[in-house]
Amino acid sequence: MSSETGLHRRAFLYQTASGLGSVALSALLHRAEARAGVLSPKPPHHPAKAKACIFLLMEGGPSHIDTFDPKPKLAQLHMTEFTRKSKFASAMESGKRYFVQSPFGFRKAGQSGADVCEHFAHLAECADDICFYRGAVGENTNHPTALYLLNTGNAFGGDPAAGAWIAYGLGTENENLPAFVVLPESHYPQGGATNWSNGFLPAHYQGTVLRPSGSPILDMTPPPGVTPEAQRAGLDVLQKLNGMHQRQHPEFAELPARIESYELAFRMQAEMPGVIDIHRESESVKHLYGIGEPETDAVARRCLMARRLVQHGVRFVQVYAGGWDSHDYIEEAHRNRMRAVDKPVSGLIKDLKRMGLLDSTLVVWAGEFGRSPDNGVRRGSKVWGRDHNATAMPMWFAGGGVRAGHTAGATDEIGQKAVEAVHPMRDVHATILYLLGLDDAKLTYFHGGRFKQLTQIGGQVIRELVS
Amino acid sequence: MDTTIERRFARSLALSGGALSSYGREAVRLAAIAILPLVVASAGAQTARQILTENCASCHGAAQKLSGLDLTSREAMLHGGNRGPAVVPGEASKSLLIAAIERKGPLKMPPGQALAAAAVAALREWIDTGAPWEAAAAAAQPKWKSNAEDVWAFQPLRQPGKLRSVDAFIEAKLREKGLTAAPPADRRTLLRRATFDLTGLPPTPEEVEAFLKDQSGDAYEKMIDRLLASPRYGERWGRHWLDVVRYADSDGYSNDFERPNAWRYRDYVIHALNRDKPYDRFILEQLAGDELYPGNPEALIATGFLRMGPWEHTAMSVAAVTRQMFLDDVTHSTVTAFLGLTMGCARCHDHKFDPLPTRDYYRLQATFASTEYATHKLPFQSWENRTGFDRELARSQELLRLTRERMAALDDKIRQELAKKLGLEAAKLPADEVKEALRSKELLSHDDHARYNAYNKRRDIYQRAVERYQPLVYGVRDGAPVETHILTGGDLKAPAEEVSPGMLTAVRYQSEVPVEVGGRRAALARWIASPDHPLTARVMVNRIWQGHFGRGVVATSNNFGKMGKRPTHPELLDFLARAFIESGWSIKAMHRMIMRSDAYRRAATATDAEKLAKLDPENQYLSYFPPRRLSAEELRDAVLAVSGELSSDAGGPGTFPEVNEDLANQPRLIMGQFAPAYRPSPLRRERNRRSVYTFQQRTVRDPMLEVFNGPDLNESCERREASTVPTQVFALFNSKFARDSALAFAQRVENLASGRAKQVEQAYRLAMQRLPAQEELKLMLDYIARAEEHHRRVAPPPVKPRVPLVRSLVHEFSGKAFTLEEEPEPAAYEENTAPAQVPPATRALADALLLLFNANEFVYVF
């Protein structure tokens, strides 16, 4: 059948195992292979620069102008008014507007002299490990569609997230844990779970949300009053009942797979709490991330958890840090958000480096879009703030294979749009895949009449970002 | 601020400002979509084309052509505008375009801000290298040569041949492949198979007994007829159709607002299937019920089909883009649902594999060009269920009232602050200052301001909840005529040639489309719902076949094109399609024909596994019946049915089952605001309705449905997957839903029988339609005894009282967290029975019965 459609063996396996209900599957394949799970590690397409990825998603759209891309020109234009009228402008972008300068100071950080906002004091110490990128552009200025584009390559949602593609391409090194883990804020982002969907890929590749409170995975913890021993006793009886049933249908491979899934769930339930228990870390490590400090604690916990997950073999971890949607009062709001992520994120880089994991881990920092150099006149008054901007955004990379200590791309003199090393989101995706040893053109899945890929129509690796 | 912008947007459209009524909101939507279609983000053409498109084409495109200049095709650029040619290939310095964008001469373009230096350089280089434009030109001027002859599905149905029954085709193929058919299934297996298949529920012990006892020759046929006549039939098969059309009760995207009256479309589908509405009529009503059958209530409700896709327009959206998204969505979903073709590719370029040129895509789209969203008033029909409307309406109204009260309290706070600030008594404040203070909210703390905005959003949300119970239809109407242009590369900023409405040219059978607005959809619907259309009947009988066997004769039921799977039994497919048309498009007639076949009645056991592994590893030729895992809805419904908790209430607005509490209370962001916490329905019978009647929210899924491969609500689901993942174990073994159901199940069998052994037997009859084997009975009894010992020692957790929920969110004003308290539940909440309320013996029995829900035998149909 593979000659008929060109499907490779793995895709075929998934499709049969996931639905065609083939009685003879086990005869066709070694039973061990059918059971070993679709998540077992797979070789990359080319030697990988990084084995795992931690994607720090600054939800809400952080301003490039106020973080890593200063625009002195805006000081001259500050508060000057203009009017935008266009059939292709949203209500938000239209009408009376005025330019806004950044309320923050900047410093030249590291040997590379990267531009870093004063409120990223700790991150400045990591500047030489980072490749700042100013050329990325999106397509949408709506939060969920822009998030979908950043996460799945498709602004309309419904396609697999990058983490799902990578799990599909590389599997996981620890089968007792999910391959793709999401650490959201206490709230879900706009657009909800579609942001970590497996789309048309088999459900194994869906992002597993680790919840900040309560049971880390939904219903993973047995209900109150149920001990692991009691649960094991029940499970043993269940497996005996299943065994008797299976004897009547010996060729049907889905039955043993389902029996095995109960054992896997039981192992996951036992292992996961230890993996994410950050109390096992030393005080100095916790301090490095800013755990225990009110300003940074929440993001710090997720960053440290991300490191622990990667350390235990999880392939792709996404950390959300929200609150960047500063239409008004950007001085207070962005300052607080920068401070909330500064120590945790730089702590993560330093910690990975300390443990020798930075070379094999790709760290990405990005929001769904950047912000505008101008703001709308709202309620008749001029407040320092910025609206959404998909044509320029802040983004940086650190770790395996990244051209550290470099700033790539540029925006125009007011930060309205990217003008150098300009690349659409699909190229960012192709680059992330490349660094993880995957070839965008080869990482495909046959669905809906064609071979689909993360970049939709094919992306190119952004060479400026790669060492 | 988002809400402010929505208001401002409404005002800019000269509509009611302030508190928008739901009709006001609808008007905003209408105004937004009525604007001429034009833009969608560029799909990645060359840099030059992208620069020109983004910066120039809105004035210098085929539509506007300011100064006579069109910059959307090479030919037009060479021809130029009033000032002469814009581009001289190979000579950037002599090209007027470059002079204008470099702003060195009198002509300075674009007006306002100059192009970035990099963009100017890119255009220079492009002209110097000869200004190539092929890729774009190809899309603008389709030169498609139809090769419909090559695609089997576009050929007319075959004339009937020698073979005249389902089995004749199946057996011919088995013989051809050298395969042996499995023996017939036993009666109990057949009953379970047919009952789940037609109703999505397990047979009751009484039904099992009656069928096993019935010795008449037509016992099987009678059983099928009984199931087809059950109202549960439409609930199961309606779900198949709802998968295809992506039915949801919410908009998706940012706000994911409720669609308060979408449920009437869901009930229409269920009702249509129960009444065996002829499928051709079903098509006509959904595509053009308003045009074809004015005054017919069902036909009006049916047009909800056209609006089933995710859709949203906010202040962040460009109106023209939103409108185009609808047009693309409806074009694609119509073609996918009724014709089994994928057409998304043709939006930007001619389909690479199927005879679907871009021109056809836009011709088809033109049939929807004047279709506008509309909310119609329509009294509830006799077949619609209004039970509990007063009760539920009062509850939603109370939530709305509470929210308004909270907003009013904050307004009072503003007045007090103002009084303090001005040193005046509250009663003597100047009216204009009060007005300004209430508008700006600047006298509120950041936290209170954020809360005000959150309440404001909740008011919108609860208003929609109130609207669920109003006699309104979520439908469409024909509006003013609107031109349709081919969009170069799918890009709204690059409209090319105008097209008139038309059908797919690859289909030999054509029909006339009126140019008048009021009959375009009717013409399209008639063309699709015709016995002469090669795809329509084939696609539907294939969906029916797939419903019975888990896989269609064409395995890709949404893709009959070249890249879809070839039919395993092409002649059978045509035989079924002809029979379907001849039966008057009766779906129930198809069920009878298929289910009466030997192929359907075979055992689910392969006779020769090794031979099959070589000759038919996927069981495409059906030598045995393919077993399947229950779908997500069947599994949830079966758990409820067996435990005695399943409500027989049918129809009406979606209800809210209990979901994991952490998930219910999970803060969720919608346009910078908190969404209200998930609120389960207060009454058990409402919570425990069949899954098809539960509220389908696009961005929050019931985990019980999600983990068992429930459909994605944004994309047409052609066929359910059945993957096995550990989160399913958590949902079925640990969740409160599973545990509560097991407890209810235990109480049920305790009421039905006394003595442990009899109770276990009763449970097996209900769950497995058989008595337990000796070995099973012993296992269960031993386990119950041990569990009881455990429960006598260990007290269950006490029942938690319900307390008002307080949650926090980082708000955009300060980047810091604020807290918000949920509105208390207005209605009395009917709790499920808790372990603490039953004796240890019942808890022990429940532990054992929970295992039955998890058993492979329960979860699979053979």
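## Reading the element names

Helices (H or I, at least four residues) and strands (E, at least two) are DSSP runs, numbered from the N terminus. With that in hand, we can place Trp585(B): it sits in the loop between helix 23 and helix 24 of chain B. Please keep in mind throughout that this is a predicted model.

## A loop in chain B

Helix 23 covers 570-582 and helix 24 covers 587-595, and the loop between them also holds Ser583(B). Is Trp585(B) buried or exposed? Trp585(B) has 22 other C-beta atoms within 10 Å, so it is buried, as 20 or more are needed for that label. Ser583(B) has 17 C-beta neighbours inside 10 Å and therefore counts as partly exposed.

The backbone offers something to check here too: Trp585(B) is not a glycine, yet its phi is positive, at about 55 degrees. As for Ser583(B), its C-alpha atom is separated by 9.0 Å from that of Pro278(B), although the two positions lie 305 residues apart along the chain.

## Two more backbone spots

Met79(A) is another non-glycine residue with a positive phi, about 70 degrees. Its place is the loop between helix 5 (73-77) and strand 2 of chain A. Met79(A) is exposed because 11 other C-beta atoms lie within 10 Å of its own, and the label applies at 12 or fewer.

In chain B, the peptide bond from Met109(B) to Pro110(B) is cis, with omega near -15 degrees. Pro110(B) belongs to the loop between helix 5 (96-102) and helix 6 (117-128) of chain B.

## The sheets of chain A

Strands of a sheet pair through backbone hydrogen bonds, either parallel or antiparallel. One open sheet of chain A has 3 strands in the order 2-3-13, with antiparallel pairing. Strand 2 (81-84) and strand 13 (374-376) each have a single partner strand, so one side of each is left without a neighbour in the sheet. From one strand to the next, the twist averages 40 degrees. Strand 2 and strand 3 (residues 95-99) of chain A are joined over 4 bridges, and Glu81(A) has Tyr98(A) as its bridge partner in strand 3.

An open sheet of 8 strands, with mixed pairing, runs in the order 9-8-10-1-11-15-6-16 in chain A. Its edge strands are strand 9 (208-209) and strand 16 (406-408). Strand 8 (residues 180-183) and strand 10 (residues 316-320) of chain A pair in the parallel sense over 4 bridges, with Phe180(A) opposite Phe316(A). Helix 8 (residues 162-170) of chain A packs on this sheet and touches strand 1 (52-58), strand 8 and strand 10. The directions of helix 8 and strand 10 make an angle of about 165 degrees.

## Nonpolar cores

Which residues have the most contacts inside the largest nonpolar core? They are Cys53(A), Leu56(A) and Leu849(B), in a core of 334 residues. Helix 16 (residues 319-339) of chain B gives the most to this core, 11 residues. Beyond its neighbours within four places in sequence, Cys53(A) contacts Ile166(A), Phe316(A), Leu362(A), Val364(A), Ile432(A) and Leu436(A). Another core, of 14 residues, lies apart from the largest one and includes Ala450(B), Ala454(B), Ile670(B) and Val810(B).

## Where the chains meet

Chain A brings 97 residues to the contact and chain B brings 100 residues. On the chain A side, the largest share comes from helix 9 of chain A, with 11 residues. By type, the residues on that side are 40 nonpolar, 39 polar and 18 charged.

Key. Residues are numbered from 1 along each chain as its sequence is written. Chains are lettered from A and ligands numbered from 1 in the order in which they are written. This is a predicted model: local features need pLDDT of at least 70, side-chain atom pairs count only at pLDDT 80 or more; totals for chains, interfaces and linings use all residues. Two residues are in contact if their C-beta atoms, placed from the backbone, lie within 7 Å. Ala, Val, Leu, Ile, Met, Phe, Trp, Tyr, Cys and Pro count as nonpolar, Asp, Glu, Lys and Arg as charged, and the others, Gly among them, as polar. Two strands pair if DSSP finds at least two bridges between them. Axes are lines fitted to C-alpha atoms, for helices over the stretch in contact, and angles run from 0 to 180 degrees between N-to-C directions. A nonpolar core is a set of buried Ala, Val, Leu, Ile, Met, Phe, Trp, Tyr and Cys residues joined through C-beta atoms within 7 Å.
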